[in-house]
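The following exercises concern the reading of a protein model at the level of strands, helices and side chains. Please inspect the sequence and the coordinates before attempting them.

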Amino acid sequence: MDASGAVKPWDECFDTYLIELEDGPTLFLLDMHAAPHAPLASHPIRLAVRVTMKSPRPDGLRSREESEALFELEHALVAALATLGFHYVGRSVGQGFMDAFFFGPRGVAEPDIQRVVTPRQGDYTLELELEEDPGWSVYFDWLYPPELHCHLMSNRNLLDLLTKQGDRSEVVREVDHLAYFPDLDKATRAAAQLAKQGFKVSPPRAPEAPATGWALSFTREDSLAEGRADEVTVEILEVLRAHEGDYDGWGCLVTTWRGSCPRVSPWSRGGGILRVPRRTSQ
């Protein structure tokens, strides 16, 4: 989303998730690929732009009627602020507001921001907040999804990839899973619990560089349709959390009308689930 005036040192990958907070539902969008690079020492200044929606839904989210105007405003702000060197990292939408977050270099004053923003805000009311945030806390503590939502987002992307390859998600097939544990004892205990829940579990494997944990592979026949992939993810996480396990995701064969095709998994796309430690919980 950044214009040429602020080229990010990574390839953008924006994704969304919806979460229920104390004040009501909030929809988040963030650049997931910023996580391994953040914080940037060159961009310690956080800019928050709050947009007051004109006609939010009763639950505080963006209405269908106003969506296009808000998207246009968002893109205009991203382009304008990129000319000052600001990287757009995400937004939250809820309680009748859209809050967009940027990180930029020192030396940019609020009048500079007003100069590029004002011509693009139209008849919307904007509030600007410019602060030091060298640790990018708003990205990690506010925008970044909790563990479960990270996995649900990964599920959504993987299911989309399967669909594009003609997969019949309703067909029950063997789905393989991978998790890591800090020691053999915890891996063994988790393996026993997973076996009770119908998984075929392989013996734990000792750490192999670059991994630092004991690896546990397990499989079970499941459908992927009608939310089943998410249900299985929740089931697995409940077991792993009790034994300090780290879930690395799932994979399976593409099942089409012509039979099985090559296996698709998060690992075939260059690595498992992207994880960044959260400093506070949402």
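Four exercises follow, each with a worked solution.

The model is predicted, so local features require pLDDT of at least 70 and side-chain atom pairs count only at pLDDT 80 or more, whereas totals for chains, interfaces and linings use all residues. Residues are numbered from 1 along each chain as its sequence is written, and side-chain values use heavy atoms, with hydrogens and water left out.

**Exercise 1. The sheet**

Determine the order in which the strands form the sheet, and identify the edge strands.

Solution. Step 1: Strands (E, at least two residues) and helices (H or I, at least four) are taken as DSSP runs, numbered from the N terminus. Two strands pair if DSSP finds at least two bridges between them.

Step 2: Six strands form an open sheet with antiparallel pairing, in the order 1-2-4-5-3-6. Strand 1 and strand 6 (126-132) are the edge strands, each pairing on one side only. From one strand to the next, the twist averages 15°.

Step 3: At one edge, strand 1 and strand 2 run antiparallel and are joined by eight bridges; a hairpin connects them through two residues. Tyr-17 has Phe-28 as its bridge partner in strand 2.

Step 4: Strand 6 pairs with strand 3 (residues 45-52) in the antiparallel sense over seven bridges. Ile-45 stands opposite Glu-132 of strand 6.

**Exercise 2. The helices across the sheet**

Establish which strands helix 2 and helix 4 lie across.

Solution. Step 1: Axes are lines fitted to C-alpha atoms, for helices over the stretch in contact, and angles run from 0 to 180 degrees between N-to-C directions. Contact denotes heavy atoms within 4.5 Å.

Step 2: Helix 2 (residues 110-117) lies across strand 3 and strand 6, at about 145° to strand 6. Helix 4 (residues 147-164) lies across strand 1 and strand 2 (24-31), at about 135° to strand 1.

Step 3: The covered face of strand 1 consists of Asp-15, Tyr-17, Ile-19 and Leu-21, and its uncovered face of Phe-14, Thr-16, Leu-18 and Glu-20.

**Exercise 3. Rings around Tyr-88**

Classify the aromatic pairs that Tyr-88 forms with Phe-14 and with Phe-102.

Solution. Step 1: Rings of Phe, Tyr and Trp (its six-membered ring) pair if their centres lie within 6.5 Å; planes under 30 degrees apart count as stacked, over 60 as edge-to-face and the rest as tilted. By this rule the model has nine aromatic pairs.

Step 2: Phe-14 and Tyr-88 are stacked, at 5.8 Å centre to centre with 25° between the planes. The pair links strand 1 (residues 14-21) with strand 4 (residues 87-94), its members being 74 residues apart.

Step 3: Buried means under 20% relative accessible area, exposed over 50%, and partly exposed in between (1.4 Å probe, protein chains only). Phe-14 is therefore partly exposed at 21%, whereas Tyr-88 is buried at 0%.

Step 4: The centres of Tyr-88 and Phe-102 are 5.0 Å apart and their planes stand at 40°, so this pair is tilted. It connects strand 4 with strand 5 (residues 97-104), across 14 residues. Phe-102 is buried, with 1% relative accessibility.

**Exercise 4. Charges over rings**

Which rings have the charged ends of Arg-50 and Lys-54 over them?

Solution. Step 1: A charge sits over a ring if NZ of Lys or CZ of Arg is within 6 Å of the ring centre and within 35 degrees of the ring normal.

Step 2: Arg-50 places its charged end over the ring of Phe-97, 4.0 Å from the centre. For Lys-54, the ring is that of Tyr-124, with the charged end 4.4 Å from its centre.
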